[in-house]
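Work through the three exercises below with the sequence and the structure at hand. Each task is followed by its solution in steps.

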Amino acid sequence: MAAKEGKKVVRDKETRFPEAHHTLEKLADILDRPRKFCQDPVAGEYDLGLKTDINVHEPEKSKGLDENSYNAVFAAHGPNKMTDPDTKTELEKFMDQFTGFFSLLLSGGSLLCFIAFGIDTSQPENLYLGVVLFIVVSLTGIFTYQQEAASDEMMKQMMKLTDNEPLVRRGTEDWIKIKSAEIVVGDIIKLNPKEKIVADYRVISSNGLKCMEAALTGESCELAKVGEPVPWEDEPNQIPAKATTCKNMVMFGTEARAGEAICRVVATGDHSVLGELKQAMYAQAAEDTPLRGEINRFVHIISTIAI
């Protein structure tokens, strides 16, 4: 469905949702966020020209999207899933650790040392240096692979949270259970205690809702959530506050611990806070980590000595 361009919203590396500052009347508008992750701090939003039924006076009676609107939004956003840009096998990921410039340089140096020792066995220093270089290359590759494997495993564990079946309304006052992959922006969700949150929601009515966000923010305490709009970070320019600081936002990967709430979905899949965090991690995968930088520095010194 063709989307018409709407108001631009300033966003930085930390996701911001203007919906956190909107009134219930404004929240009825369905916005389509850019589907491809973008590191540009300014990203647009586009009005789909659709509405979701929100009862301003009694939010718990909101009917959400009708079937036609749901189909249009689903066509624009796709399923509520995070894509995995890395399709390499574990063996390929492991071998990639040895294809860097310094790893290849050290491997070549180690090989030359072994060849030199084979030609002249009276100089064991060549053998010792070859062994040291080989050990350095091997340990470097193993350590960096373990780091990446730990990050991948953490994301896989977070992805398991999408197995939940939330309660939604589709144009009626009846709550129905659907698969989390079928959630779209604009859906009205009923959030119950001990329920896993499978998308980013804007709370529109809270009855003592408290969420645990440790998995996303590291905050160890349960946080109370409200349904009222929160202040803009920059009121004159209408710059939204960071999503993780808004008391009326609940994010994918967190959990409702107590109370109940009626929520409106504002982001799904790759456009959620967790989804954009994951995409950012992959986008920066080619950059050196502090550990890799220190290892490369050490390798450079050893390479200089060897040469």
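**Exercise 1.** State which element holds Phe143 and decide whether Phe143 is buried, partly exposed or exposed.

Solution. Step 1: in this predicted model, Phe143 sits in helix α5. Step 2: the relative accessibility of Phe143 is 42%. Step 3: buried means under 20% and exposed means over 50%, with partly exposed in between. Step 4: Phe143 at 42% is therefore partly exposed.
Step 5: Phe143 also belongs to a nonpolar surface patch, together with Phe114, Val131, Phe134, Ile135, Leu139 and Ile142. The patch has about 600 Å² of accessible area in total. Step 6: helix α5, residues 125-159, contributes the most to this patch, with 6 residues.

**Exercise 2.** Locate Lys225, classify its accessibility and describe its surroundings.

Solution. Step 1: Lys225 is in the loop that runs between β8 (222-224) and β9 (249-250). Step 2: its relative accessible area is 6%, so Lys225 is buried. Step 3: leaving out residues up to four places away in sequence, Lys225 touches Val203, Ser206, Leu209, Cys211, Glu213, Cys246, Lys247, Met249 and Val250. Step 4: with Glu213 there is a polar contact between the two side chains, at 2.7 Å.

**Exercise 3.** Find where Thr23 lies, classify it, and give the separation between the C-alpha atoms of Thr23 and Pro229.

Solution. Step 1: Thr23 is in the loop between β1 (4-10) and α1 (24-27). Step 2: Thr23 has a relative accessible area of 41% and is therefore partly exposed. Step 3: Thr23 and Pro229 are 206 residues apart along the chain, while their C-alpha atoms are separated by 6.2 Å.

How values were computed: Residues are numbered from 1 along each chain as its sequence is written. This is a predicted model: local features need pLDDT of at least 70, side-chain atom pairs count only at pLDDT 80 or more; totals for chains, interfaces and linings use all residues. Side-chain values use heavy atoms; hydrogens and water are left out. Patches are made of residues with over 30% relative accessible area and no salt bridge: like charges are joined within 9 Å, nonpolar side chains (Val, Leu, Ile, Met, Phe, Trp, Tyr) within 5 Å. Accessible areas come from the Shrake-Rupley method with a 1.4 Å probe; for residues, only the protein chains shown count as cover. A salt bridge is a side-chain nitrogen of Lys or Arg within 4 Å of a carboxyl oxygen of Asp or Glu. Helices (H or I, at least four residues) and strands (E, at least two) are DSSP runs, numbered from the N terminus. Buried means under 20% relative accessible area, exposed over 50%, partly exposed in between (1.4 Å probe, protein chains only). A polar contact is a pair of N or O atoms within 3.5 Å; within protein, one must be able to donate a hydrogen and the other to accept it, and residues adjacent in sequence count only if both atoms are side-chain atoms. Contact means heavy atoms within 4.5 Å.
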